[in-house]
Amino acid sequence: MSAAARLRGQRGRTRGRGRLAALVAMVVTAAFSLGGCTAKPLLTPGDGKLQVVTTTGILRDLVKNVGGDRVDAVSIIPDGADPHTYEPTLRDARNVVYADVAFSNYAMLEEHNIIKVLDTNLPKSATNVSLVEESAKYAADLIQLTENVNLNTVWLGLRVWGSGQQLGVTRDSDVLIQATNVTGPGKMYGYLTGTFGDTSVYFDSSNGFDASDDYKDDTATLPADSHTHLSWAFTKPGIYHVTLRGQVKATPSAIPVTVGQATYTFAVGVNPSEAGIKNPVVFNQGHADLSVELDNGGMDTHYDPTGGGEMTQKTYPANQVVIEVPNNAIAEIPGDRQFRFLGHPGDQIYQLAQAVLGNHVHGELDPHTWQNVRNAEAYVKLIRDTLSAKDPAGTATYSANAARYLSQLDALDNYMRTTIAKIPQANRYLVTTHDGFAYLGKAYGIQIAGFVTPNPSSQPSLADRRKLTESIHNLKVKAVFLEPNLKARSSDLTQVANEQHVKVCPIYGDTLDSGAPTYIDMMRFNANTLRKCLG
């Protein structure tokens with residue numbers, strides 16, 4: 001194609017986009033905010049570069065590192081703004097109109113109006129990529145969200161393993177799991193909530209344990225080779241020791257035969273290290289069962305942190321295990337009469353909820369993937385391949401730029417691990433403004449101990465604030481962390497921190513600013529601030 005023909009094509013393209021831009025201006029004037037006087041960069045079609053629009057500044061930085069001089073890249077959300085609440089402007093819509101490629105994080109990170117501006121105004125010839133969903137093809141480690149973050153704990157049940165044929169066990173036999181003793185600072189309950197909300201109490205330490213009637217008021221009855229989940233409730237934080245005994249009653253008239261007994265340790269609202277067990281296996285997620293072993297004798301535990309069933313669970317002796325009941329398991333006793341055995345309505349308890357009622361996975365993904373540097377590397381590879389497909393002549397450049405940047409990200413990932421590893425294990429608790437750091441915690445060994453609200457756009461309730469206070473106090477948290485772009489909505493976190501006499505330190509979540517102008521700067525800053533404030 002001649003230079004003149006290319007020029008005519010560019011002018012035609014520009015005139016067409018100009019008409020589209022004018023239409024956008026007429027349609028969206030009422031919909032988009034005209035506030036904010038700071039001029040944002042504009043895409044410049046016709047300059048010979050690939051025009052790229054991203055939703056966030058973090059994505060823009062990744063694109064610039066891969067695209068180099070062959071791309072113009074701008075973001076809809078300005079640095080320092082909150083992706084969860086930002087409203088796009090006419091200038092943002094204009095940039096979308098002229099884009100050849102668009103990258104959004106998606107997974108519900110961005111405000112819905114941002115996605116509408118992107119999808120409505122992007123030319124049909126442009127490439128539109130949602131990075132979270134597509135990054136799975138590049139080995140990104142994605143985390144699913146749960147319906148209720150308060151139920152994101154271990155699912156703890158009771159299980160009977162084996163056939164028990166040597167004990168005369170048949171399908172009609174009963175296996176009795178009895179609570180014979182509980183020690184701890186408060187009361188312990190184990191109960192089942194049925195389909196219609198009715199409750200069956202299996203264990204209740206509030207009225208003691210009566211050996212004279214063979215603990216009949218503190219007994220769960222199961223058939224052989226079965227399991228059930230329970231809700232486990234504790235009234236005060238601290239270390240509890242729960243002793244369970246397993247018995248077999250082969251026939252209705254048979255005398256029960258004891259198979260085994262074990263004492264299980266629960267860390268309720270406190271650091272599991274306080275249990276005094278050397279190198280414990282901490283049950284804090286997934287699926288676990290306190291088990292009677294019919295064929296081998298005794299009682300132990302079975303556990304799979306990924307939530308699998310009996311085929312994937314591993315066996316651990318009870319005396320090596322600590323079952324964690326974290327502060328995000330704090331709940332208020334419902335007003336329904338069937339829960340009166342727990343205490344007064346509105347009183348706080350620490351509860352591991354039974355699996356059938358809680359932690360049903362939405363299918364939605366946690367969108368804050370870049371807090372794991374390995375996921376950012378998956379983004380970079382996806383960006384590289386997308387730009388190469390749109391601009392084949394630049395493939396060698398994009399590949400070389402990506403390789404160089406991936407090497408820097410490898411070094412960053414190593415820096416994150418080595419820096420955070422210097423924080424004493426007992427201090428690795430992260431309390432933040434909102435629930436945006438699960439990837440950071442999973443990748444680098446930081447436990448998410450609390451946040452003001454699950455979403456920064458929502459206002460914290462009194463229960464949220466009370467739970468945050470309990471978390472900071474019970475875990476002896478050294479510092480809480482505030483995102484700079486959320487300072488305007490940080491009064492609750494700051495006030496709670498002041499009341500508990502802990503430091504308030506900065507951390508970056510969703511956005512860049514002058515203090516962290518690039519993704520690498522942001523993540524290095526996070527590693528350093530965690531090390532400084534928690535170490």
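A salt bridge is a side-chain nitrogen of Lys or Arg within 4 Å of a carboxyl oxygen of Asp or Glu. Glu377 and Arg374 satisfy this description, since their closest N and O atoms are 3.3 Å apart. The model in which this pair occurs is predicted.

## Overall composition

The protein contains eleven helices and 26 strands. Of its 535 residues, 52% are buried. Among contacts with a separation of 6 or more, 73% are between residues 24 or more positions apart.

The mean pLDDT of the protein is 86, and a value of 70 or more is reached by 86% of its residues. Over residues 1-37, however, the pLDDT is below 50, and this stretch has 32 contacts in the model beyond near neighbours in sequence. A second stretch, residues 356-363, also has pLDDT under 50, and the model gives it 18 contacts beyond four places in sequence. Where pLDDT is low, the predicted coordinates should not be read in detail.

## Salt bridges

The structure holds 15 salt bridges. Three of them are set out below.

| Acidic residue | Basic residue | Closest N to O distance |
|---|---|---|
| Asp217 | Lys216 | 3.4 Å |
| Glu377 | Arg374 | 3.3 Å |
| Asp413 | Arg417 | 3.0 Å |

In the pair formed by Asp217 and Lys216, Asp217 is partly exposed, with a relative accessible area of 48%. Lys216 has a relative accessible area of 55% and is exposed.

Glu377 and Arg374 both belong to helix α6 (residues 373-390), where they are three residues apart, about one turn of the helix. Glu377 counts as buried because its relative accessibility is 7%, under the cut-off of 20%. Arg374, at 39% relative accessibility, is partly exposed.

Asp413 and Arg417 both lie in helix α7 (residues 395-421), four residues apart, which is again about one turn of the helix. Asp413 is buried, with a relative accessible area of 2%, whereas Arg417 is partly exposed at 36% relative accessibility. Salt bridges that share partners join these residues into one network, whose members are Arg374, Glu377, Asp410, Asp413 and Arg417.

## Packing of helix α7

Two packed helices are described by the angle between their axes and the distance between the axes. Helix α7 can be described in this way with two partners, α2 and α11.

Helix α2 (residues 57-67) packs with α7 at an angle of about 120°, and the axes are 7 Å apart. The two helices are therefore oblique to each other. On the α2 side, the contact is made by Asp61, Leu62, Asn65, Val66 and Gly67. On the α7 side, Thr397, Tyr398, Asn401, Ala402 and Tyr405 take part.

With helix α11 (residues 519-534), α7 packs at an angle of about 10°, and their axes are 9 Å apart. The angle makes α7 roughly parallel to α11, because angles under 35 degrees count as roughly parallel. The residues of α7 in this contact include Tyr405, Gln408, Leu409 and Leu412. Those of α11 include Tyr519, Ile520, Met523 and Arg524. Tyr405 of α7 thus appears in the contact with α2 and in the contact with α11.

## The surroundings of Asp92

Asp92 is located in helix α3 (residues 90-97). Its relative accessibility is 1%, so Asp92 counts as buried. The side chains of Asp92 and Tyr86 are joined by a polar contact of 2.8 Å. When neighbours within four places in sequence are left aside, Asp92 is in contact with Lys40, Ile76 and Tyr86.

## Two loop residues with positive phi

Most residues other than glycine have a negative phi, and most peptide bonds are trans. Ala139 has a positive phi, near 70°, although Ala139 is not glycine. Ala139 is placed in the loop between α5 (131-135) and β5 (144-146). At 66% relative accessibility, Ala139 is exposed.

His501 likewise has a positive phi, near 60°. The loop that holds His501 runs between α10 (491-500) and β26 (503-506). His501 is exposed, because its relative accessible area of 73% is over the cut-off of 50%.

Technical notes
Residues are numbered from 1 along each chain as its sequence is written. This is a predicted model: local features need pLDDT of at least 70, side-chain atom pairs count only at pLDDT 80 or more; totals for chains, interfaces and linings use all residues. Side-chain values use heavy atoms; hydrogens and water are left out. Buried means under 20% relative accessible area, exposed over 50%, partly exposed in between (1.4 Å probe, protein chains only). A polar contact is a pair of N or O atoms within 3.5 Å; within protein, one must be able to donate a hydrogen and the other to accept it, and residues adjacent in sequence count only if both atoms are side-chain atoms. Contact means heavy atoms within 4.5 Å. pLDDT is the predictor's confidence in each residue, from 0 to 100. Axes are lines fitted to C-alpha atoms, for helices over the stretch in contact, and angles run from 0 to 180 degrees between N-to-C directions. Angles under 35 degrees count as roughly parallel, over 145 as roughly antiparallel, 65 to 115 as roughly perpendicular and the rest as oblique.
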